[in-house]
Amino acid sequence: MTQQDLAGKSKAELLALAKEMKIKNRSRMTKEELIESLTAITQETKTATGTQAPEQPPVRPPEPIYTTGLIQEEQYCTERIEEKVYQLPPYYNETRITLLVRDPYWLYTYWDLDAGIKAALIKDYGNWDHVPLSLRVRKEPESGGGQPEFFNIPVSPQANNWYINVQPNRKYIVDLGYYSPSGEFITLASSNAVVTPRDCMSEVIDEEWMIIEEDFLRLYRLAGGGPAAGSVELVESLLKRLEREMGSAAVSSIGISSPAGRPPQERRFWLVLNTELIVYGATEPDATLTLNGQPVALRPDGTFTVRLALPDGVMSLPVTARSADGADQITITPIVSKETR
Amino acid sequence: MEKGYLALVLHAHLPYIRHPEHEYFLEENWLFEAITETYIPLLKVFEKLAEDGVKYRLTMSLTPPLLSMFQDPLLQERYRRHIEKLIELAEKEIERTRWLPDFNRMAYYYRDLFTYARWYFLEKCQRNLVTAFKRLQDEGYLELITCGATHGYLPLMLQREAVRAQVHYAVEYHTRALGRPPRGIWLPECGYQPGDDEILREYGLRYFFTDAHGILHASPRPKYGNFAPIYCPSGVAAFGRDLESSKQVWSAQEGYPGDYDYREFYRDIGFDLEYEYIKPYIHPCGLRINTGIKYYRITGKTHDKQPYNPDWAREKAAIHAGNFMFNREKQIEYLASILDRRPIIVSPYDAELFGHWWFEGPQWIDFLIRKLYYDQKTIKMVTPSDYLALYPRNQVSTPSLSSWGYKGFNEVWLEGSNDWIYRHLHRAARLMVELANTYPEATGLKRRALNQAARELLLAQSSDWAFIMKTGTVVPYAVKRTQDHLGRFLDLHHQVVNDQIDEGWLRELEYRDNIFPDLDYRVYASHPHINRKVENLALAL
């Protein structure tokens, strides 16, 4: 978004945009200051990524404390069938632009240009980086007629996708093209048409299914709009809740094996200490063995191992072996005491 | 006479994860854990309720990938192996914890839980859990509905043919597996975009769900808000999610699952116990993973967790079920004072929340259904079909584009981490449609290659991959799956177009990516003539 685009907006629109961009102290800014901050942000993200990010980079959750096998490909310790490693091409040799809706305020577009067009443009402009590529975003007029409105977004020839700030409940098409030396916009490709969703209740009332405004607001409030009074506040409150707490992403069904073994926690030094006790020995393979009166399985060679968690206290461990014919019996009783200081 | 209705909807889904090329594959555990902790416990609750004469109606979506995995012999055998190992570990734990009474009790508890799961799976269901769901459906307790064929996120698909294929294969597979065509569909991620309902109508689907704002922002303005369905212009009904009841269960802060007496998910003996001891039960490479044996309760916002007490937790599940019911009663009484008809409250949840994340979730459902049946007269449980039978006349209005993801639109599946996939997914879908149009009646090897190409495309379209890329947990796996399926698709496309099909390699792909064995690629044709097949199938059954 250029400075000119921003200058054409009302202060309210700029404020909304600043909110989206999470600009601090926005409510205290003048219109000029808002434009300046917004321009700075968009340019910053452009240079950083080659595309226009609509907001701050996604915040990644902290790395899991314990790694899991799926992350390190080479750690799969099973034998592998000869595996073809696929790499998808970064672009395709075809001229096409596609438009998708992200939400009521943002569209996403991606495009490719075929080698022929690129070569022709390089010929005209000497260098690919000098080609004045631009997106022309066309907005269909609201019902009632009028000329379609449009605005342009100059894009770097290195970019191949873009997020575009738009209005809710409107139909858009975007053209990829460039400005000829005479200032004419030459279209290289046109996208599919998309309609942004509304971000509020519809103004269209069906006479057969009328409800008094007051009651509809009560329903809306009950449906999730919260305690707000006016309809605008209700809508805001609903959308905020969707953002804050309602998404299924909050408790996802997948990631079921919980790759992060621990919940994210602050860096904190810590120590855990536990003790276990191993009791082991051997007897005749056909003997029966008990520990504290409970049977213990012998291995084929007559050896055995019992492993026990060891809490604080004094533990008595009578181990009894009885010969197969029941004639002989031996009991050994170690007594273990553990305390933690 | 009741004053209103409650539709509980459980959405059961896991992505199709099956790797015969590996002896052990960690992500397959997602299915195994969900079988032990969610699906079998829920089935047990449902069956016990029926046995006790409790009448209830519950809607459940079983996605085609989940149904496919339930019926896959390789995964069935691997589940057997998995549960046997767990039982072995639980036995050792019983021994190890004999001086720790709180833990020892839980060790027995887990041993019984796992032993029951093994019996239920191997003996009762003969390894195929679908039979248990089908029985509950046939007895009239569950209304089983379908989803996208591979849980593809429909609002971000460009080609109408691609959306149709997601619906077609789903309805076809569901009908085959469960013996009757689904009446409704859970749109993947609740993602709706105006117009998709026309495709649902083609397949005889009578209803779907949207998030609250999908209905509240419908146009014309819906008279009953989201407390009654609306009909799309196509005639398919849309039901809106109730946020209030969702929040009580979902919300990380205020929701029931965060109660201090409930089981703590993050303290698992896979991470807690001594390495050599636990080694045989974690990843074969020695990496610590969750085993499912967890001894602590949430306790509080502390690292010092206290042992779990199943009696306290059960008590809380009963209290929370009572609280949920009380709130719905109040909600319905209030609504009844505004509306000139009896309202429906739609409460959908991910099924895997119950039992896996919220260990006591199945108990909560058990208590809730019993209380609804015995303790009150304000609310009656219904499915959307039941409600449409009661109120066949509804307002016509078009829902707004929406999803139940963060912020309510498409952003979860379209943002910096995953937006790159659409360039490839859209192109592959376009090529698939071209293939189906170019080869309307392929036979033999070419037909097999075309069918496999469709499978690869479908698997690449799972919304799970984009979701994982966003949440940032097992990103390399999601990226690899996307690349592999798309790469295989492109190779198949190349081989078909150039008439150079490598049969050995094709056979390998058919063996690995074996979802939808009866799939017919011609569904992707721009004017498919085989839609009738589904109807015929339904008639035949």
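Start with the contacts in chain B of this predicted model. Counting contacts between residues at least 6 apart in sequence, 78% join residues at least 24 apart.

**Chain B as a whole**

Select chain B and show it as a cartoon. It contains 20 helices and 9 strands. Its radius of gyration is 24 Å, close to the 24 Å that the globule rule gives for 541 residues, so chain B is as compact as a globular protein of that length. Along the principal axes, the C-alpha trace spans about 70 × 65 × 45 Å. Colour by burial next: of the 541 residues in chain B, 58% are buried.

**The two domains**

Now colour by domain. Domain 1 of chain B is assigned to four segments of the sequence, 1-68 + 128-146 + 182-258 + 318-412. Domain 2 of chain B is assigned to 414-540. Taken over C-alpha atoms, the centres of the two domains are 29 Å apart. Where they touch, domain 1 of chain B contributes 14 residues and domain 2 of chain B contributes 14 residues. On the domain 1 side of this contact, 7 residues are nonpolar, 2 are polar and 5 are charged.

**Strands 2 and 3**

Select residues 58-62 of chain B, which form strand 2, together with residues 142-145, which form strand 3. The two strands run parallel and are joined by 4 bridges. For a pair to label, take S61(B), which stands opposite I145(B) in strand 3.

Which residues of strand 3 point one way, and which the other? Turn on the side chains to see L142(B) and L144(B) on one side, with E143(B) and I145(B) pointing the other way. In a regular strand, side chains alternate between the two faces of the sheet. All four of these strand 3 residues are buried, the charged E143(B) included.

**Helix 17**

Move to residues 463-471 of chain B, which make up helix 17. How many of the residues of this helix are buried? The count is 9 of the 9, so helix 17 is largely enclosed by the rest of the structure. Among the buried residues are W465(B), F467(B), I468(B) and M469(B), and also D464(B) and K470(B).

To see what covers helix 17, add helix 15 (421-438) and helix 18 (475-497) of chain B, both of which are part of the cover over its buried residues. Finish at G472(B), which follows helix 17 and has a positive phi, near 75 degrees.

Conventions: Residues are numbered from 1 along each chain as its sequence is written. Chains are lettered from A and ligands numbered from 1 in the order in which they are written. This is a predicted model: local features need pLDDT of at least 70, side-chain atom pairs count only at pLDDT 80 or more; totals for chains, interfaces and linings use all residues. Domain bounds come from an automatic or database domain assignment. Two residues are in contact if their C-beta atoms, placed from the backbone, lie within 7 Å. The radius of gyration is taken over C-alpha atoms; the globule rule is 2.2 Å times the number of residues to the power 0.38. A residue is buried if 20 or more other C-beta atoms lie within 10 Å of its own, exposed if 12 or fewer, and partly exposed in between; C-beta atoms are placed from the backbone. Two strands pair if DSSP finds at least two bridges between them.
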